[in-house]
Amino acid sequence: MDTESTHSGYSSRSGRSNRHGDRSRERHKATSSKDSSRSERSVVINPPDTPSQDSPVHNEETRGEEDDNWGETTTAVTGTSELSVSQEEVVGLGKEIQDRTQSFRRYLPLVVGSCVGLLVLATPLVFLLLPAVMWPDRPQTCDTACEGLFLSISFKILMLLVAIWALFLRPSRACLPRVCVYRAFLTTLTLLLTMSYWLFYGVRILDAQDEDYQGIVQFAVSLVDSQLFVHYLAVVLLELRHLRPCYSVCVIRSTDGETRHYNIGQLSIQRAALSILEYYYRDFPLHNPALLSASKHRAAKHLAGLKVYNVDGYDGNQSRSTAPPAAKRKDNAHNELYYEEADYERRVRKRRARLVVAVEEAFTHVRRMKKEDENATPSDIMDVHEAALAVFPSMARAMQKYLRTTRRQHCHTMESIQKHLAFCLVNNMSPKAFLEAYLAPGPTLQYGPERWMADQWTLISEASVTSAIKEGTEFLLKCLDFSLAVTVKSIPYIRLTEEYIDPKLHKFILLLQSETSV
Amino acid sequence: MSFIPGQPVTAVVQRIEIQKLRQGGNLILGFSIGGGIDQDPGQNPFSEDKSDKGIYVTRISPGGPAEVAGLRMGDKIMQVNGWDMTMVTHDQARKKLTREKEDVVRLLITRKSLEEVVSQSKGRNPRP
């Protein structure tokens with residue numbers, strides 16, 4: 001049954017490092033085949049896959065074994081299954097499994113990076129120390145120039161250490177579905193470089209037992225130099241390349257049509273999706289499903305009023321024909337909408353006026369303690385939280401009514417309002433400043449972490465997600481109950497020409513009431 | 001000299017004939033005009049009614065053909081060689097006055113003193 005497949009799917013997948021790979025595309029094919037047999041309200045939950053960031057090491061190994069089993073183990077929860085599991089419960093299930101694998105996934109690139117970094121830093125030192133260790137009887141002659149090279153090598157190794165830490169060893173801010181191509185390329189390049197130097201060292205210096213210690217030191221210095229240049233290449237590829245904007249992306253939220261435009265540079269699709277999600281959390285107002293029910297009611301009513309018949313291929317039992325909808329029903333729909341919206345506006349404005357007045361009155365009841373108040377009774381002197389608690393009841397009712405009318409009462413709890421009130425009192429804000437947070441929906445980050453849904457994002461794209469974005473790329477970022485449609489356009493090539501005007505040529509005549517001599 | 005919109009304009013006019021003088025390759029008349037329907041009438045120092053957009057004589061060069069013919073500063077030009085000057089742009093007026101092919105211009109001009117003379121003479125000899 002559906003519920004068993006839910007649990008089995010999760011347990012068979014936990015602990016394995018997952019490859020997202022072509023899974024997004026293939027998952028769609030599976031859901032479309034399953035949709036025909038189930039109701040339209042099936043939902044595919046895929047938390048264990050989405051936040052995984054693969055390390056370069058596990059990438060190639062696990063690709064083969066994963067793609068065989070996912071077809072049977074893809075979990076889906078239908079709305080019509082008898083043991084209906086609510087969506088939150090299933091998501092909660094996914095979250096526990098995810099937490100166990102999360103630390104592994106998050107820190108793997110860090111581990112790989114530090115191993116490679118250690119190798120890179122230790123190699124020159126080993127090159128320098130090995131002759132002294134292996135042939136202690138032979139004197140390692142090192143004159144002034146050679147000792148100068150010691151100085152340079154130590155500073156370069158120090159800089160390389162800081163640089164590697166700055167670029168590669170910081171905790172990543174997101175988990176992307178596939179490994180970043182450039183990071184893999186740079187890791188490979190570094191390892192190749194180091195291996196070739198080791199090879200050379202082993203064959204030409206250790207085997208041949210070269211006596212020239214200065215040559216060995218110069219060899220080690222050249223290795224550190226090459227690694228610094230590889231690091232420079234890393235900076236250019238990973239950090240600088242995407243700073244220059246050359247594409248303009250248009251992001252549209254599917255439920256309420258909020259649109260924003262951003263300029264981004266040359267990025268792969270997954271990194272572009274990451275930037276767009278960061279902008280989403282900053283710019284888009286909070287998604288409020290309660291505001292969308294009105295249009296759904298209208299659509300449902302419209303459908304319920306029609307009797308639909310299918311006249312070809314079926315006999316009378318299953319016939320559904322389209323009866324012409326009564327003309328007046330259509331009139332009522334837009335009339336209703338108009339009056340409903342006007343009424344709603346009026347109600348919101350009335351409640352808002354009451355709220356503003358209540359908050360202003362509440363703020364007049366409290367003020368900062370001044371010098372002369374130090375003689376007042378101790379029970380009257382309060383700290384800011386007590387002051388907020390004392391002042392809050394006078395505006396609580398108006399606030400709650402307003403939030404109910406604008407359907408945002410689930411975003412603000414009583415504690416959060418009191419906390420915000422305390423913050424405003426401490427910073428000497430006016431009542432209007434306090435109210436701004438409640439009058440309009442703010443960006444998603446303003447509300448608590450339970451609204452963020454930061455680990456529920458899926459990237460759906462026709463092109464491979466590590467390919468670079470180009471003009472005309474489109475992809476979808478799906479969250480639980482809404483999605484962001486992204487289209488990419490390139491910024492036009494601007495041709496700017498110059499024209500020089502001599503400042504002395506700026507001469508004017510007054511035309512009004514001109515006088516001409518004839 | 002004001003006009004009532006919709007009513008024909010009536011004015012006492014004087015006929016002045018100016019011979020153009022050839023000077024340095026150009027035919028000149030020896031005066032300057034101002035006004036026109038594309039100009040700002042409020043800045044006209046000579047008009048009585050500051051919404052009058054007619055063509056006015058703003059300057060007379062001393063000893064020139066216009067002064068000799070009897071044109072005075074502040075005159076409003078009503079017609080030039082039969083062309084109406086009450087509803088023209090500044091440039092159209094200039095063109096009508098500076099036609100190369102004509103070396104004589106016959107102007108109909110009006111001024112305040114003409115009106116006064118006529119009304120005075122009317123007053124002295126009232127018509128029965």
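**Exercise 1. At what angle do helix H11 (residues 384-405) of chain A and H12(A) pack, and how many Å apart are their axes?**

Before solving, note that this is a predicted model, in which local features need pLDDT of at least 70, side-chain atom pairs count only at pLDDT 80 or more, and totals for chains, interfaces and linings use all residues. Residues are numbered from 1 along each chain as its sequence is written, chains are lettered from A and ligands numbered from 1 in the order in which they are written, and side-chain values use heavy atoms, with hydrogens and water left out.

*Solution.* Step one is the geometry: the two helices pack at about 125°, with their axes 9 Å apart, where axes are lines fitted to C-alpha atoms, for helices over the stretch in contact, and angles run from 0 to 180 degrees between N-to-C directions. Helices here are DSSP runs of H or I with at least four residues, strands are runs of E with at least two, and both are numbered from the N terminus.

Step two is the class of the angle: H11(A) and H12(A) are therefore oblique to each other, given that angles under 35 degrees count as roughly parallel, over 145 as roughly antiparallel, 65 to 115 as roughly perpendicular and the rest as oblique.

Step three is the contact itself, meaning heavy atoms within 4.5 Å. The residues that make it include A:Val384, A:Phe392 and A:Met399 of H11(A), and A:Met414, A:Gln418 and A:Leu425 of H12(A). By class, the contact of H11(A) with H12(A) holds 15 nonpolar, two polar and no charged residues, where Ala, Val, Leu, Ile, Met, Phe, Trp, Tyr, Cys and Pro count as nonpolar, Asp, Glu, Lys and Arg as charged, and the others, Gly among them, as polar.

**Exercise 2. Describe how H12(A) and H13(A) meet.**

*Solution.* Begin with the axes: those of helix H12 (residues 414-426) and helix H13 (residues 431-439), both of chain A, come within 9 Å and cross at roughly 150°. That makes H12(A) roughly antiparallel to H13(A).

Next, list the partners: A:Ser416, A:Ile417, A:His420, A:Leu421 and A:Cys424 in H12(A) meet A:Phe434, A:Ala437 and A:Tyr438 in H13(A). Sorted by class, this contact of H12(A) with H13(A) has six nonpolar, two polar and no charged residues.

**Exercise 3. Place A:Gln227 in its surroundings, beginning with its helix.**

*Solution.* A:Gln227 lies in helix H7 (residues 213-240) of chain A. Helix H5 (residues 144-168) of chain A packs with H7(A) at an angle of about 25°, the axes being 10 Å apart. That makes H5(A) roughly parallel to H7(A), and their contact has 20 nonpolar, five polar and three charged residues.

Now turn to the residue: at 4% relative accessibility, A:Gln227 counts as buried (buried means under 20% relative accessible area, exposed over 50%, partly exposed in between, with a 1.4 Å probe and protein chains only). Leaving out residues up to four places away in sequence, A:Gln227 touches A:Val120, A:Leu160, A:Leu193 and A:Thr194.

**Exercise 4. Set out the composition of chain A and then of chain B.**

*Solution.* Chain A has 13 helices and eight strands, and buried residues make up 34% of its 518 residues. Chain B comes to three helices and eight strands, which run β-β-β-β-β-α-β-β-α-β-α from the N terminus on, and buried residues make up 38% of its 128 residues.
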